[in-house]
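Trainee: Could we go through this structure together, term by term? I would like to learn what stands behind each label.

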Amino acid sequence: MNKRDAINAGVMLTVAGAMIAAVAASVRHGSQGTVERERCYGVTRSGANDCANAVHSCAKQAATQNDMREWIAVPKGTCLRLAGGALDEHSQ
């Protein structure tokens, strides 16, 4: 590789890096803003909960499916549309 090819490769890498950074920033900070979310109890799969509860201290520790003590975050307004979904852990 000669000096000119090395310089061209460096310029192309710089431009590609800038383009990737711009795309990542636009995806992360889209013009639509953030989606409002709510906790949805009773719809989690085993090992797929989002956070701790009275039984365990961390996400991904749900022992059973559709446990009313376990929750996942879903877009606001969709929880009650899910089979078995509840907005608080005591509803059934």
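Mentor: Happily! The accessible surface of the chain comes to about 6,900 Å², and 59% of that belongs to carbon and sulfur atoms. Such areas come from the Shrake-Rupley method with a 1.4 Å probe; for residues, only the protein chains shown count as cover. Keep in mind that this is a predicted model, where local features need pLDDT of at least 70, side-chain atom pairs count only at pLDDT 80 or more, and totals for chains, interfaces and linings use all residues. Residues are numbered from 1 along each chain as its sequence is written, and side-chain values use heavy atoms, with hydrogens and water left out.

Trainee: What makes up the secondary structure of the chain?

Mentor: One helix and two strands, in the order α-β-β from the N terminus. Helices (H or I, at least four residues) and strands (E, at least two) are DSSP runs, numbered from the N terminus.

Trainee: Why is threonine 44 called buried?

Mentor: Buried means under 20% relative accessible area, exposed over 50%, and partly exposed in between (1.4 Å probe, protein chains only). Threonine 44 has a relative accessible area of 1%, so the label is buried. Of the 92 residues of the chain, 21% count as buried.

Trainee: Where does threonine 44 lie, and which residues is threonine 44 in contact with, leaving aside its neighbours within four places in sequence?

Mentor: Threonine 44 is in the loop between strand 1 (37-41) and strand 2 (71-75). Its contacts (heavy atoms within 4.5 Å) are Asn49, Gln65, Asn66, Glu70, Trp71 and Ile72, with those sequence neighbours left out.

Trainee: How do you know that cysteine 40 and cysteine 79 form a disulfide?

Mentor: The criterion is a pair of cysteine sulfur atoms within 2.5 Å. For cysteine 40 and cysteine 79, S to S is 2.1 Å, and a disulfide joins them. The structure holds one disulfide. Cysteine 40 lies in strand 1 and cysteine 79 in the segment after strand 2, so the pair ties together parts that are 39 residues apart in sequence. Both cysteine 40 and cysteine 79 are buried. The link is right-handed, with 75° about the S-S bond.

Trainee: And why does valine 15 count as partly exposed?

Mentor: Valine 15, in helix 1 (residues 3-28), has 44% relative accessibility, so valine 15 counts as partly exposed.
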